[in-house]
Amino acid sequence: MPRVLIEVIVQTLDDARAAAEGGADRIEIVRAIRSGGLTPPLTLVTAIAAEISLPLRVMVRENSGYETDPREVRALQRAAADFAGVGVDGLVAGFAKAGKPSLADLSVVLEAAPGVPLTFHRAFDALSDPLGAIDMFAGIPQIDSILTSGGEGTAMERCARLRTYSARVGARVAIMAGAGVDDEAFALFAKAGCVRAIHLGRAARDGRNPEGPVSAVRVRRLRDLADLYASS
């Protein structure tokens, strides 16, 4: 079974250090994690990029919802260009309205960072036709990852949906499980191989406190568990 990529969401340089120490494969940098993650300061991204050798994905988002407006889009364009200038691995963004992806807004933001990969974030879970959206995203070269909870229900039910999404999207784009990934769900997803990547927020922190510091020990435990399943 292929090795699962583990991405850890961070808000500080210390978080990034702990994620790297624990064996994370990639880091997502945000601020305001309780709001689902908003655009972080360029100074933080620059500091992490200078010290941490892991690939960095950076959130570009101005509000806690999935809709945006022209003023926000201009701010997101500037942020995307700034982060691309730092040499980040990729951006994290996504827009949706009335159950449909707002591809025009996404395209405008991506124009500011040509060639930089993108994770389409959990705006995906607000879409009424996720399989149709996957087909649309497959035609956008910069999108190489889709972050999704796998919908409602038990971890087993979510895993089944994630497997369906993964089969639909093909090899170029990775489906990444995120939101509600506790230890039980992580173990199931890693063992079943229903996704190639798992996004850790609360699960990477002691007490599952979303605003608490990242725990290198917790990240390492999950990394070792995933590697055990990959080698079995």
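This short talk goes through three helix pairs, then a pocket and a cavity, in the structure shown above.

Before anything else, please keep in mind that what we are looking at is a predicted model.

Let me begin with helix packing. Two packed helices are described by the angle between their axes and by the distance between those axes, and I will give both for each pair.

The pair I would like to start with is H1 and H2, where H1 covers residues 13-22 and H2 covers residues 42-51. Their axes come within 10 Å and cross at roughly 35 degrees, and the crossing of H1 past H2 is right-handed. On the H1 side the contact is made by Leu13, Ala16 and Arg17, while H2 brings Leu44, Ala47, Ile48 and Glu51. Sorted by class, the residues of this contact are 5 nonpolar and 2 charged, with no polar residue among them.

Helix H2 also has a second partner, helix H3, which runs over residues 70-86. Here the angle is about 15 degrees and the axes lie 10 Å apart, which makes H2 roughly parallel to H3, since angles under 35 degrees are counted that way. This crossing, too, is right-handed. If you follow the contact in the model, you will find Leu42, Val45, Thr46 and Ala49 of H2 meeting Asp82, Phe83 and Val86 of H3. That set divides into 5 nonpolar residues, 1 polar and 1 charged.

The remaining pair is H7, residues 183-192, with H8, residues 216-231, and these two pack at an angle of about 30 degrees with their axes 9 Å apart. H7 and H8 are therefore roughly parallel to each other, and H7 passes H8 in a right-handed crossing. From H7 the contact takes in Asp183, Phe186, Ala187, Ala190 and Lys191, and from H8 it takes in Arg218, Arg221, Leu222, Leu225, Ala226 and Tyr229. By class there are 7 nonpolar and 4 charged residues in this contact, and no polar ones.

Now let me turn from the helices to the spaces in the model. The largest pocket holds about 510 Å³ of space. Which residues lie nearest its centre? Of the 25 residues that line this pocket, they are Ile33, Gly36, Arg122, Ala179 and His199. The lining as a whole is made up of 11 nonpolar, 8 polar and 6 charged residues.

As for cavities, the count comes to 1 with a volume of 30 Å³ or more, and the volume of the largest cavity is about 40 Å³. What lines the largest cavity? Going along the chain, the lining consists of Arg61, Glu62, Asn63, Gly65, Tyr66, Glu67, Thr68, Glu72, Gly94, Phe95 and His121. Of these lining residues, 2 are nonpolar, 5 are polar and 4 are charged.

To close, I would come back to helix H2, which packs with H1 at roughly 35 degrees and with H3 at about 15 degrees, as a place to begin when you turn to the model yourselves.

Notes
Residues are numbered from 1 along each chain as its sequence is written. This is a predicted model: local features need pLDDT of at least 70, side-chain atom pairs count only at pLDDT 80 or more; totals for chains, interfaces and linings use all residues. Side-chain values use heavy atoms; hydrogens and water are left out. Axes are lines fitted to C-alpha atoms, for helices over the stretch in contact, and angles run from 0 to 180 degrees between N-to-C directions. Helices (H or I, at least four residues) and strands (E, at least two) are DSSP runs, numbered from the N terminus. Angles under 35 degrees count as roughly parallel, over 145 as roughly antiparallel, 65 to 115 as roughly perpendicular and the rest as oblique. A crossing is left-handed if the near helix is turned anticlockwise from the far one by less than a right angle, and right-handed if clockwise. Contact means heavy atoms within 4.5 Å. Ala, Val, Leu, Ile, Met, Phe, Trp, Tyr, Cys and Pro count as nonpolar, Asp, Glu, Lys and Arg as charged, and the others, Gly among them, as polar. On a 1 Å grid over the protein atoms alone, a cavity is a set of points where a 1.4 Å probe fits but cannot get out, and a pocket is an open set with protein on both sides within 12 Å along at least five of seven lines; lining residues have an atom within 4 Å of a point. Grid points are joined across faces, edges and corners, and a volume is the space filled by probe spheres set on the points.
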